[in-house]
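Subject: The structure I promised you

Hi,

Here is the structure we talked about, with the sequence alongside. Have a look first, and then read on for what turned up in it.

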Amino acid sequence: MKITIKDDFDLKKIADSGQCFRFNECETEPGTFSVAALDKHVFVKELGNCEYEFSCDKKEFDGFWKNYFDLELSYADIRGRISKKKDIYLYNASEYGKGIRILRQDPWEMLISFIISQRKNIPAIKASIEKLCAMAGDLIVEDERVGKIFSFPTPEKLAALSLDKLSSCSLGYRDKYVKKAAEDVASGLVDLSSWDKLSDEKLMEELLKLFGVGVKVANCEILFGYHRLDAFPKDVWINRVLETKYPKGFDFEGYAPYNGVMQQYLFFYSRNDGLGKDK
């Protein structure tokens, strides 16, 4: 189906924004992106003039993908909160990152993905996740553009894997973290769905109780897994931005409740040489 999206929506920027690991441009078909989430998959092609083609029908688009891409929130309005005069660096970062949206991803998939992400670069994270999916997921699509795509494993299927099996997915020391998280969720000891009702502060508290989850991973889970748009994960790039561009402090109060969106603009811009600009 074809759909017109006039608000900020840039597939390549979203794919490269660091928030998702199963969202990739097809090498043999530039402009077409393969997107996998839990047990669903869609191809999205940019046609030009704000038109996009989705490989799903209207029922699936309205029932899942419209929400997944957060299409009911105006990111243009969020960018409009940034003053060029008061914050030139963030303004330029938002212009550079125009088109990025915070995807509404699943808490379970994001928890495991960001546990795996610790001290790994993005290509390595993606490779490990795809190995896990191939090992414990179900085949959901087979296409010459992407080969075989498997669903993200359920907690039960991941919990059933031995540490040796998990280690074979290039998880390194993170294998035991993934194993424990899967066991805790599968057993019901951890109920990620019920945590959606918690305040941001209580959610952070519960996440930090999980084996192998620190503040950075917890913030990523809060922002990308629970879509709490004020969460502000800090990694090496963001810390450099705060140190070099905001020595007097970042205006978290002024940008609330969308600090997480601002973080994405800063992260995307800084990784693409933005740190050397706007001095």
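How many bridges join S2 to strand S3 (residues 32-37), and in which direction do the two run? Three bridges link them, and the strands are antiparallel. Within this pair, asparagine 24 stands opposite serine 34 in S3. Please keep in mind that this is a predicted model.

**The sheet**

The S2-S3 pair belongs to an open sheet of five strands, ordered S1-S5-S4-S3-S2, with antiparallel pairing. S1 and strand S2 (23-25) form the edges, each pairing on one side only. On average, neighbouring strands of this sheet are turned by 25° against each other, direction ignored. Helix H2 (residues 58-68) packs on the sheet and touches S1, S2, S3, S4 and S5. The direction of H2 makes about 95° with that of S3.

Strand S5 (residues 51-54) is a good place to zoom in, as its side chains alternate. Tyr52 and Phe54 point to one face and are buried, while Glu51 and Glu53 point to the other face and are not. On one side, three bridges connect S5 with strand S1 (residues 2-4), running antiparallel; here threonine 4 has glutamate 51 as its bridge partner. Strand S4 (residues 40-48) is joined to S5 by four bridges, again antiparallel, and lysine 45 is partnered with glutamate 53.

**Backbone details**

The hairpin of S4 and S5 has two residues between the strands, and asparagine 49 takes a positive phi near 55° there. Leucine 38, in the loop between S3 and S4, also has a positive phi, near 50°, though it is not a glycine. Leucine 38 is partly exposed, with a relative accessible area of 26%. Serine 170 is another non-glycine residue with a positive phi, about 60°. You will find serine 170 in the loop between helix H8 (163-167) and helix H9 (175-187), partly exposed at a relative accessible area of 35%.

If you check omega angles, look at alanine 256 and proline 257: a cis peptide bond joins them, with omega about 5°. Proline 257 sits in the loop between H13 and H14.

**Helix H14**

That loop leads us to H14, which has 13 residues and reaches 18 Å from its first C-alpha to its last, close to the 18 Å expected at 1.5 Å a residue. Is H14 mostly covered or mostly open? Mostly covered, with twelve of its 13 residues buried; among them are Val261, Leu266 and Phe267. The buried residues of H14 pack against helix H1 (11-15), helix H3 (75-79), H4, helix H11 (215-225), helix H12 (236-245) and helix H13 (252-255).

Of these partners, H4 deserves a closer look. Helix H4 (residues 88-96) and helix H14 (residues 259-271) pack at an angle of about 80°, with their axes 8 Å apart. Angles of 65 to 115 degrees count as roughly perpendicular, so H4 is roughly perpendicular to H14. H4 contributes Tyr89, Leu90, Asn92, Ala93, Ser94 and Tyr96 to the contact, and H14 brings Met262, Tyr265, Leu266, Phe268, Tyr269 and Ser270. What kinds of residue make up the contact of H4 with H14? Nine are nonpolar, three are polar and none is charged.

Happy browsing, and best wishes!

Note on methods: Residues are numbered from 1 along each chain as its sequence is written. This is a predicted model: local features need pLDDT of at least 70, side-chain atom pairs count only at pLDDT 80 or more; totals for chains, interfaces and linings use all residues. Side-chain values use heavy atoms; hydrogens and water are left out. Axes are lines fitted to C-alpha atoms, for helices over the stretch in contact, and angles run from 0 to 180 degrees between N-to-C directions. Angles under 35 degrees count as roughly parallel, over 145 as roughly antiparallel, 65 to 115 as roughly perpendicular and the rest as oblique. Contact means heavy atoms within 4.5 Å. Ala, Val, Leu, Ile, Met, Phe, Trp, Tyr, Cys and Pro count as nonpolar, Asp, Glu, Lys and Arg as charged, and the others, Gly among them, as polar. Buried means under 20% relative accessible area, exposed over 50%, partly exposed in between (1.4 Å probe, protein chains only). Two strands pair if DSSP finds at least two bridges between them. The expected span of a helix is 1.5 Å times one less than its number of residues.
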